[in-house]
Every structure is written in structure tokens, then in C-alpha cells.
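Trainee: I am new to this model and would like a close look at a single part of it, namely its salt bridges. Please take the pairs one at a time, and then add whatever else helps me to place them in the fold.

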Amino acid sequence: MALPLFDDAGATRESLYINGKWGPGASGETFEVTDPASGAVLSSVAAAGPGDVRAAIDAADAAFEQWAGATAYARSAYLYQAHRLMLERADDLATLMTMEQGKPLKAARTEVKYAADFLIWFAEEAKRVYGSTIPSARADQRFMVLRQPVGVVAAVTPWNYPVSMITRKVAPAFAAGCPVVLKPAEHTPLTAMAVFKIFDDVGLPPGVANLVTTADPAVFSDEVFASRAVRKIAFTGSTAVGKMLAREAASTVKRVSLELGGHAPFIVFEDADPVHAAKGASLVKFLNTGQACISPNRIFVHRSLYEVFLETLVTRARTLKAGNGLDATSGVGPLIDEKAVLRMQRQVDDARARGARVLTGGHRLIGTGFDGGFFYSPTVLADVTAAMDIYREETFGPIAAVTVFDDEAEVVAMANDTDYGLASYLYTRDLSRALRVSERLRFGMVGINDINPTSAAAPFGGIKESGLGREGAAEGLGEYLDTKLIGISI
């Protein structure tokens, strides 16, 4: 596969896309991008400096008036074209993503399709930004309400879903009339470049889409916080960083959308099919090697189903083949880096020391096919309790932690006993229970017998320390619009 904008050596210094042009960073400095499955260097890309970030913000600011003034139909047309190109380039995008991020190629192809869905969804929603009129108590007065773009958007995207998290932010921003300056995660700048190559190829006006790559997030954030031109920050990442962004954004009262960490409960009630539930748990738990914010971290199973559920879950975990995502037989790829591997081992060792049973896995994978990479065995822990680190900490890896429970009130209290509030899951055949428990769970999303309650058409986001705002759906477009009241005396 020909990597986008790379020279024959596989390296590029022109990874910054500012004001409609690709170029190097002003300093000429670069940083390396590596394959987490092997440790091999894939490329060197430009390391943006403060001046580069300022130039990108200035370009976006200069483009704002014209882009905001374009018709919704004109903005929509660009998104339709981007959707078409993304689907045409899906195989190359997926391969590049697997090389850079590690997920199996089948999962990467699924993500590209998901990413494209946001482009076409917001191409359609762009034409549905409606205002309203409000009756006045005065006979000689009329009120009009307009929805207008907030302004320049600074977006920060993560490495675990490096294509779809871009389109989930930039598509609604473009649809609303907002130019964007985006910083991708330092682990995955290459897929971001490939996405922005699409924006370049569809002919977006200069300054509407801007990309800056850097291995030092502070280079980007410091300029964004200081800028009065940037009116909104859209971020997906850790809760700790999200809190910092919210604090700093307050200095110039920027709007923020934050999609942060999760600690999802997965509840299996006594009337559920334990085999079906265990299969569902394994699919979502080991998705993307467990590196997903909606991954179930705390699996609660009723005592009457506990052993049958564990038996099925262990069987499923043992059949997963870890390996390079480019290998079609691999069901689980590598973790993103060494730090992630060490966190997995620390959580397993702590749980074992406090009484958990390690039913399968529980160790780093080494040897042929694994050396140089960051592989951890799919792991199932039984008898997990609230005293263990894994019960409290977001895992972000391939460890299924299972806890037994006895009644509904008890498990709802355990599920809600966290500062996080993103996704949650429950398995039951009782409709009344399904609705009752869904309403009591303090999470932004609930899957009832459903491990994938997400779509471009559905609002995605959490409560408590899992974030602010929603992405996708009509709500996702509203995050990029201000409300303006116009009073008219006649």
C-alpha cells in the first residue's frame, strides 16, 4: 500500500495541513510512528511547534466568515464527497490503521465504515439547522431564534479509534459552519493524514480543515487555551486530561465537548441466557483488545448463573488468537504501548493477591510473533471484589473482571458505585426489569441485551466524570451551534 504523502523511505516531513497546503513544521523536527505489533518504525512525521499551531488557528479564523456564510447545501456537498472518497479508500485506510494502531484488519474496516457514516449523517443534518419564532406579549414585537456556528473548533482525537473519532468531530463542525484545527494522538498521526488527504481532495476551502501533528500535546493545548479565536474544544481522551482542558478553557469561556473515560458495568440477571450473555460480553470486552471507552470493565453475574457464564467466557477467551492485525487469523491485536502492558500486569497481580482467581491468561505474550510488540493474553478474572484496583480503575485492556451478585438492588448499587458514567449493559428477559434498571443506572448509555448501542444517528456520551455533551445524532450538531435571539419592533 502506498502510504499518503510518504517518500520512498516511508517518511514524510509534510504532515501539517494548514490553510489548504501540506508542509513541514517550522522547526524541521520530527517524531517517529511505530507499529505496536512489532515495534518497527513506520514513518517520521513533522513535530509542530507553537508557531505552526498559531498559523493553523489563524487560517481557520480567516476562513470562518466565508465558511459560516456558505449555504447548508454547499457545506453538505463537501461531506457527501468526503463520504464517497472514504468508502473508495476504505481498504487502504483500514490497512494503515492496523499498521499504526494494531487492531485486526476486520475491525479496522468496520471502523472506516463507522467513520464514513458520520460524514453522510452530518451531510444530511447540515440542512436541518432550524430556527424558530416566539410569540411576544407585545403586539408590536416579534422574536426570531437563529442557530449559528460557534466559530473555530480545536479538536483532539485519541489513538484507539483514530479515524471515526475524527469524523465524529469534524463532520458536525463542518456541517454547522465551523472551521477545525485538529491534533491527532501522537501514536496515530498517519491515519489522520489520510483522512485530511480526503478533505484536501474534495476541495474544502483553505483554512476550513487544518491538521497539526506533534508528540507534545502541550504545544497544541497552550496555543489553543491562549487563543481568543478558538471558541470550542472537542476532546476524546482520559478523564484527567479532560478535566484539565475544562479548567483551562474557562479562562476564555470556550465551549467544551468532552468524551472521557468509562468503567462500564455489564449485568447478567438470573433470567438471562448465561451462554448468550457470555458470548456478548466476550465480543465487547475484547473488542479492540479492550481498548475502548465503552468496554465492560465490571461484569456482574447472578450467583445462579455464575459458573456457567464463567465457563463460556473462559472458552471464548481461550479461542481468541492474538497476533499482528494484518494476519487474517488474529482476533486480538497488541496494546498500544509498553505502559499499557505494565498496567495490565499490575491490575492482574493486585487482583490475584487480593483473592481473585485467574481462570485464563494473566500474562504478557512473548516469543515468535510477539517479540517487539505489546501483546497481553486475553484474561478472565473471577471473584473480583471492590477491594481490588481493577474494580475501581478503567482497565483499557483485554481483562474481563467478573463479580457475583445476589439481587437487583445490590447490583444496581454496585454498578453505580463509580465516578464514571459512560456506557452500561444489562441482560434480562424481563421487560419490566429492563426498563426499571435502565432508568436507575447512572450512565449516559444503556445496552439492553445489546453490546453495541452506538450509531452515527444516536447520541453518544456520558455523565458524571465521563464527559460533557453528546456526539452523533442531532445533538452532535447542536454542540457546534450558538443560539441567537433577535427581537424586532414593528
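Mentor: Before we turn to the pairs, one term has to be fixed: a residue is called buried when its relative accessible area is under 20%, exposed when that area is over 50%, and partly exposed when the value falls in between. Please also keep in mind throughout that what you see is a predicted model.

The general idea behind the pairs is that side chains of opposite charge can pair when their charged atoms come close. Across the whole structure, a search finds 30 salt bridges, and I will go through three of them, beginning with the pair that involves R255.

The side chain of R255 meets that of D482 in a salt bridge, with 2.9 Å from N to O. This pair links distant parts of the chain, since R255 belongs to strand β11, which covers residues 255-259, while D482 belongs to strand β20, residues 481-489, and the two residues are 227 positions apart. The cut-offs I began with can now be applied to both partners: R255 has a relative accessible area of 29%, and is therefore partly exposed, and D482, at 33% relative accessibility, also counts as partly exposed.

A second pair connects two helices, for the side chains of R54 and E223 come together in a salt bridge at 3.2 Å, again from N to O. R54 sits in helix α1 (residues 50-69) and E223 in helix α7 (residues 217-226), so this bridge ties together parts that lie 169 residues apart in sequence. Here the two partners fall into separate classes of accessibility: R54 is partly exposed, with a relative accessible area of 41%, whereas E223 counts as buried because its relative accessibility is 16%.

The third pair stays within one helix, and its partners are R352 and D349, whose side chains meet in a salt bridge of 3.4 Å from N to O. Both residues lie in helix α11, which runs over residues 338-353, and they are 3 residues apart, or about one turn of the helix. R352 is partly exposed at a relative accessible area of 41%, and D349 likewise counts as partly exposed, its relative accessibility being 37%. Beyond such single pairs, salt bridges can also share partners, and in this model bridges of that kind join E270, D271, E408, R433, R436 and R440 into one network.

To place these pairs beside another kind of contact, it helps to look at how some of the helices pack. Two packed helices are described by the angle between their axes and the distance between the axes. Take helix α2 (residues 72-88) and helix α6 (residues 189-201), whose axes come within 9 Å and cross at roughly 135°; the two helices are therefore oblique to each other, and the crossing of α2 and α6 is right-handed. On the α2 side the residues in contact are A82, L85 and M86, and they meet V195, I198, F199 and D201 of α6. Sorted by class, this contact of α2 with α6 has 6 nonpolar residues, no polar residues and 1 charged residue.

Helix α2 also packs against helix α4 (residues 105-125), and the axes of these two come within 8 Å and cross at roughly 160°. That angle makes α2 roughly antiparallel to α4, and the crossing of α2 and α4 is left-handed. The residues that α2 brings to this contact include S76, Y80, H83 and M86, while those of α4 include V112, K113, L119, F122 and E124. By class, the contact of α2 with α4 has 12 nonpolar, 2 polar and 2 charged residues.

Finally, two residues are worth a look for their backbone. T289, although not a glycine, has a positive phi of about 55°; T289 is found in the loop between α9 (274-285) and β13 (296-302), and with a relative accessibility of 2% it counts as buried. K464 is a residue other than glycine as well, and its phi is near 55°, again a positive value. The loop that holds K464 runs between β18 (445-448) and β19 (467-468), and K464 is partly exposed, with a relative accessible area of 36%.

Note on methods:
Residues are numbered from 1 along each chain as its sequence is written. This is a predicted model: local features need pLDDT of at least 70, side-chain atom pairs count only at pLDDT 80 or more; totals for chains, interfaces and linings use all residues. Side-chain values use heavy atoms; hydrogens and water are left out. Axes are lines fitted to C-alpha atoms, for helices over the stretch in contact, and angles run from 0 to 180 degrees between N-to-C directions. Helices (H or I, at least four residues) and strands (E, at least two) are DSSP runs, numbered from the N terminus. Angles under 35 degrees count as roughly parallel, over 145 as roughly antiparallel, 65 to 115 as roughly perpendicular and the rest as oblique. A crossing is left-handed if the near helix is turned anticlockwise from the far one by less than a right angle, and right-handed if clockwise. Contact means heavy atoms within 4.5 Å. Ala, Val, Leu, Ile, Met, Phe, Trp, Tyr, Cys and Pro count as nonpolar, Asp, Glu, Lys and Arg as charged, and the others, Gly among them, as polar. A salt bridge is a side-chain nitrogen of Lys or Arg within 4 Å of a carboxyl oxygen of Asp or Glu. Buried means under 20% relative accessible area, exposed over 50%, partly exposed in between (1.4 Å probe, protein chains only).
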